[in-house]
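Here's a quick tour for anyone meeting this structure for the first time. Have a look at the model below, then read on.

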Amino acid sequence: MVGRLNELKSPAEEINQLIDLDSSKQVRSIGVNSNDGIEIVAVDDSRRLGGDGNYTAIVPEEGRFRCSRNLRDYDQFLPANDFYRIHKGYMVRLDKLKKIKRGIRKMEVICSDNTAVEVARRRKDDFMLALK
């Protein structure tokens with residue numbers, strides 16, 4: 001039993017096994033468990049990530065993947081200059097944004113697939129700085 005406990009890995013170690021790092025320690029792809037194996041999702045193809053409790057939906061150019069990791073885990077290792085957490089439940093890839101809509105009380109971003117995602121009020125100013 002003790003030998004099996006040593007084999008258990010922390011969530012961070014499991015994520016590190018499922019990501020592919022290039023020579024500058026930037027994440028290039030993410031391995032996502034699926035019903036018939038592991039799907040490899042290129043980070044460059046990802047438009048946005050949406051949190052749903054203990055799960056995260058990764059939305060690349062084609063398809064949609066649901067992972068059993070929370071959004072905070074992805075927030076820690078995805079490059080901050082490419083992805084920004086605009087809301088408690090959403091991260092977007094900055095170069096995949098199509099438009100930013102400002103209203104009186106709220107701000108939304110329109111992704112390249114015409115999906116609107118609301119920007120949290122307390123993250124609005126920092127988000128605008130990240131775009132510069």
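Let's start with one pair of residues: Gly50 has Tyr90, in strand E8, as its bridge partner. Keep in mind that this is a predicted model, where local features need pLDDT of at least 70 and side-chain atom pairs count only at pLDDT 80 or more, while totals for chains, interfaces and linings use all residues. Residues are numbered from 1 along each chain as its sequence is written, and side-chain values use heavy atoms, with hydrogens and water left out.

**The five-stranded sheet**

- Strand E4 (residues 46-52) and strand E8 (residues 90-93) pair in the antiparallel sense over 3 bridges. Strands here are DSSP E runs of at least two residues, helices are H or I runs of at least four, and both are numbered from the N terminus; two strands pair if DSSP finds at least two bridges between them.
- Both strands belong to an open sheet of 5 strands, in the order E6-E5-E4-E8-E7, with antiparallel pairing.
- At the edges sit strand E6 (65-67) and strand E7 (83-87), each pairing on one side only.
- From one strand to the next, the twist averages 20° (axes are lines fitted to C-alpha atoms, and angles run from 0 to 180 degrees between N-to-C directions).

**A hairpin further along**

- Strand E10 (residues 107-111) and E11 run antiparallel and are joined by 4 bridges. One of the pairings puts Glu108 opposite Glu118 in E11.
- The two strands form a hairpin with 4 residues between them, and Asn114 in the turn has a positive phi of about 65°.
- In a regular strand, side chains alternate between the two faces of the sheet. Strand E11 (residues 116-119) has Val117 and Val119 on its covered face, and Ala116 and Glu118 on the uncovered one.

**Salt bridges**

- How many salt bridges does the structure hold? There are 10, counting a side-chain nitrogen of Lys or Arg within 4 Å of a carboxyl oxygen of Asp or Glu.
- Arg66 forms one with Asp52, with the closest N and O atoms 3.5 Å apart. Arg66 lies in strand E6 and Asp52 in strand E4, so this pair ties together parts 14 residues apart in sequence.
- Arg85 and Asp75 meet in another, at 3.5 Å from N to O. Arg85 is in strand E7 and Asp75 in helix H3 (residues 71-77), so parts that are 10 residues apart in sequence get tied together.
- Is Arg85 buried or exposed? Arg85 counts as buried at 16% relative accessibility, whereas Asp75 is partly exposed at 34% (buried is under 20% relative accessible area, exposed over 50%, partly exposed in between, with a 1.4 Å probe and protein chains only).
- Asp95 pairs with Arg93 in a salt bridge, with the closest N and O atoms 2.8 Å apart. Asp95 is exposed at 55%, but Arg93 is buried at 5%.
- Arg47, Arg48, Glu61, Lys96 and Asp113 are joined into one network by salt bridges that share partners.

**Nonpolar cores**

- The largest nonpolar core has 15 residues, and those with the most contacts inside it are Ile30, Val32, Leu49, Ile58, Tyr74 and Leu78. Such a core is a set of buried Ala, Val, Leu, Ile, Met, Phe, Trp, Tyr and Cys residues joined through side-chain atoms within 4.5 Å.
- Strand E2 (27-34), E6 and H3 are the elements giving two or more residues to this core.
- A second, separate core of 11 residues includes Tyr84, Val92, Val117 and Phe127.
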